[in-house]
2 protein chains.
Amino acid sequence: MSEPLKVGIAGLGTVGIGVIKILTQNADIIEQRAGRKIEVVAVSARSKSKDRGIDLGAYDWVDNTADIATHDNVDVVVELIGGSEGTAADLVRSSLDNARHVVTANKALIAHHGFELAQKAENNGVCLMYEAAVAGGIPVIKTIREGLAANKFRAVYGILNGTCNYILSVMRESGRDFYDVLKDAQKFGYAEADPAFDIEGVDAAHKLCILTSIAFGVKPDFDAIKVQGIAQINSTDIAYATEFGYRIKLLGVARKIEDKIMQVVEPCLVPIDSPMGIIEDVYNAVYVEGDFVETPLMTGKGAGERPTASSVVADIIDIARGVSVPTFGVPANSLKDAKWIDIGETNARYYLRLAVIDKPGVVADISAILKDQEISIEGMVQRGHDPGQCVPIVLTLHNARHVNMLRAVSIIKDLDACKEKPCLMRIEEL
Amino acid sequence: MSEPLKVGIAGLGTVGIGVIKILTQNADIIEQRAGRKIEVVAVSARSKSKDRGIDLGAYDWVDNTADIATHDNVDVVVELIGGSEGTAADLVRSSLDNARHVVTANKALIAHHGFELAQKAENNGVCLMYEAAVAGGIPVIKTIREGLAANKFRAVYGILNGTCNYILSVMRESGRDFYDVLKDAQKFGYAEADPAFDIEGVDAAHKLCILTSIAFGVKPDFDAIKVQGIAQINSTDIAYATEFGYRIKLLGVARKIEDKIMQVVEPCLVPIDSPMGIIEDVYNAVYVEGDFVETPLMTGKGAGERPTASSVVADIIDIARGVSVPTFGVPANSLKDAKWIDIGETNARYYLRLAVIDKPGVVADISAILKDQEISIEGMVQRGHDPGQCVPIVLTLHNARHVNMLRAVSIIKDLDACKEKPCLMRIEEL
């Protein structure tokens, strides 16, 4: 049996405490599987006095978090502070520079600085692991980077944010509106006090950015992602989507089209009984299209103390076992600058909901604008007839160029009869 | 860049040819990911002259398959012959003894001889890899053995045989009977000419045996599995199951109950909209219950040349990368002899279909027999009334001890009014 692997944990929020719980409760089986003991030797967090429900007395408390990187006894630095800059980023850089392995759940950090950090890890002969950064307990990083490593990938996509999926599921089941459900989600702990990263799609985009890099061998490039959140979706959209046979899901989609890559996070309509359509509540799902494996799917809880900690500890076990795979599946210097597709040039079917004054000629005006942009109407529904009042009109549109679609929406929006910002969503037949 | 990794392939059926295709078509990306070239240097199969649709001229043809194990140039022996004994078993043993890594898709071999082979691999310092043996292209072995290695598992279960799932799906959609659909499945290549291993549950049991070993750290023990196939299921069962809100699926289930393990492969009723209920056609699904990760699920095509070859090559890439994990996740000598549960002592809800003569008193007799065995009836349906003729009666039964259930069925079967072998299935609320 080899020497124990010694771990320092920076950040003692729910995931950090979860990691300590697993390493303690499952110590016997983990030692057997890892081939050696895994010992927490040092911990660091903002407040030493805070009651975290477990006894931290056995671990060396490090007052200055940065010192974990140079702690004599630490082989692996586990970074669970979060954020793409500041303490977390400094600690990870310094740990790698000091030839310590790093395990992190920090999706923002990897999405923004993954390439630089992968180079550092390689130059120093250590591992940078981040299974917990995407889809919580579901080992999607390992699956794509190792289990499916024989494949060229055509696409990777999924439901990557449990908070949004929970809100959309409850909106559909209850008929309630977005902000109302969001408040509940915050009360039940499914959404942060500041929910912006989740509901604006930024969290999902961080995750997609990482998946894109591994699947296609390109440098993570967060700024290349087109991101749209779910706040503009109302109960009318949910009801009409159901009527048309769809669910609304916040999807992250990366797809290779010839030698370019499309990368987008936005709410989409997907068929009710499709693999994405059936994923409800706080569940995540990740799908890949490989040239040999076809389309495997992984689902599970995408967040939470225990599933996330499970992934962090799996990474630590890999390090203990001596498993070493390049950060993004290929040597850092082989990662390419992707050619990103101009989203305007892509084609899709669309769902468009308008709020217009119910008066003769409005539908004719809308139809003419769409025709001018070479967009064909597949279906149109105007329920209720209330002359002079504002009513919803919902259209589904045949395959159209995105730039034409945006132009049409922008003209329609300026019609006198149009009373609200139109709601436009892609229809994905995934 | 390291030396190329040199591969010898024994067995050139569809999977073997698929492996050569991937290694050729994706050579560039595989070299990048593996950190070195992967070269096929030698091949062997029964017939040298057979046209396999690809040029094998570049590879050293080995007439005597056993010689691959001692081929000067071979680092990794890929065994794709199949079968738990004979040529395949001899080759794998000899390859490990000669310190060659082994990659195989042979579930029967691992299920029957996994413990002995794992010891051989460890004693010789080489890897024995078998991702392709379970669930084709879905990397379930890696996921359980590595991605979820931090967890103690409570259960692992799934739909492990695509042929059976295809037959059951088509029976339901078409209302046709078992043997009729089986014939089609053979015509379309979804079932073998000799379908016994698939339809009798043996193939699924081989796979479950492997999953059980990894999840619970026990020696694979094929003979400890209770196995039942799907041939006794008829269109009446499918129709009633649907009416009650269930699908019939051939499930492999391994579950830890206190310090014992239950291991069973048999057709079960699962709720229509449950994770197992929605898996149709040739798809496979594997579910695990871990103490921290909760319940992640993996689905995908469980067979076929290309998905299976994807898993074989993933194993080869792992070897090229120097990834080395114990065969069943823990050192072979740590694998325990499991304590298996006597299935008779387990409890479950049941579905029971009888074919009885429609005459007064029959239902009273059946009810009395069930009562004597302390089994409560949850529901009973007898559609159609046809005095003196044979009619189906379907019952669902509250939680009952299996041994009592078998006793009741055996007494009912001997009633004069009972005209066919009763069909008994577990109801699993998974």
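Visitor: Is D318(B) buried or exposed?
Guide: In this predicted model, D318(B) counts as buried, because it has 25 C-beta neighbours inside 10 Å and the cut-off for buried is 20 or more.

Visitor: Okay, and which helix does D318(B) lie in?
Guide: That would be α11 of chain B, which covers residues 305-321.

Visitor: What does D318(B) touch, leaving out residues up to four places away in sequence?
Guide: D318(B) touches M129(B) and V323(B) in chain B, and also E146(A) from chain A.

Visitor: How far is D318(B) from G13(B) in space?
Guide: The two are 23 Å apart, C-alpha to C-alpha, with their positions 305 residues apart in sequence.

Visitor: Switching to the sheet in chain B: what's the strand order?
Guide: The order is β3-β2-β1-β4-β5-β6, an open sheet of six strands with parallel pairing.

Visitor: Which strands stand at the edges?
Guide: Those are β3 (60-61) and β6 (128-129); each has a single partner strand, so one side of each is left without a neighbour in the sheet.

Visitor: And how many bridges join β1 to β2 there?
Guide: Six bridges link β1 (residues 5-10) with β2 (residues 38-44) in chain B, and the two strands run parallel. For one of the partners, A10(B) is bridged to S44(B) in β2(B).

Visitor: Last topic, chain A. How is it divided into domains?
Guide: Domain 1 takes 5-137 + 307-333, domain 2 takes 140-301, and domain 3 takes 345-427.

Visitor: How far apart do domain 1 and domain 3 of chain A lie?
Guide: Their C-alpha centres are 50 Å apart.

Key
Residues are numbered from 1 along each chain as its sequence is written. Chains are lettered from A and ligands numbered from 1 in the order in which they are written. This is a predicted model: local features need pLDDT of at least 70, side-chain atom pairs count only at pLDDT 80 or more; totals for chains, interfaces and linings use all residues. Domain bounds come from an automatic or database domain assignment. Helices (H or I, at least four residues) and strands (E, at least two) are DSSP runs, numbered from the N terminus. A residue is buried if 20 or more other C-beta atoms lie within 10 Å of its own, exposed if 12 or fewer, and partly exposed in between; C-beta atoms are placed from the backbone. Two residues are in contact if their C-beta atoms, placed from the backbone, lie within 7 Å. Two strands pair if DSSP finds at least two bridges between them.
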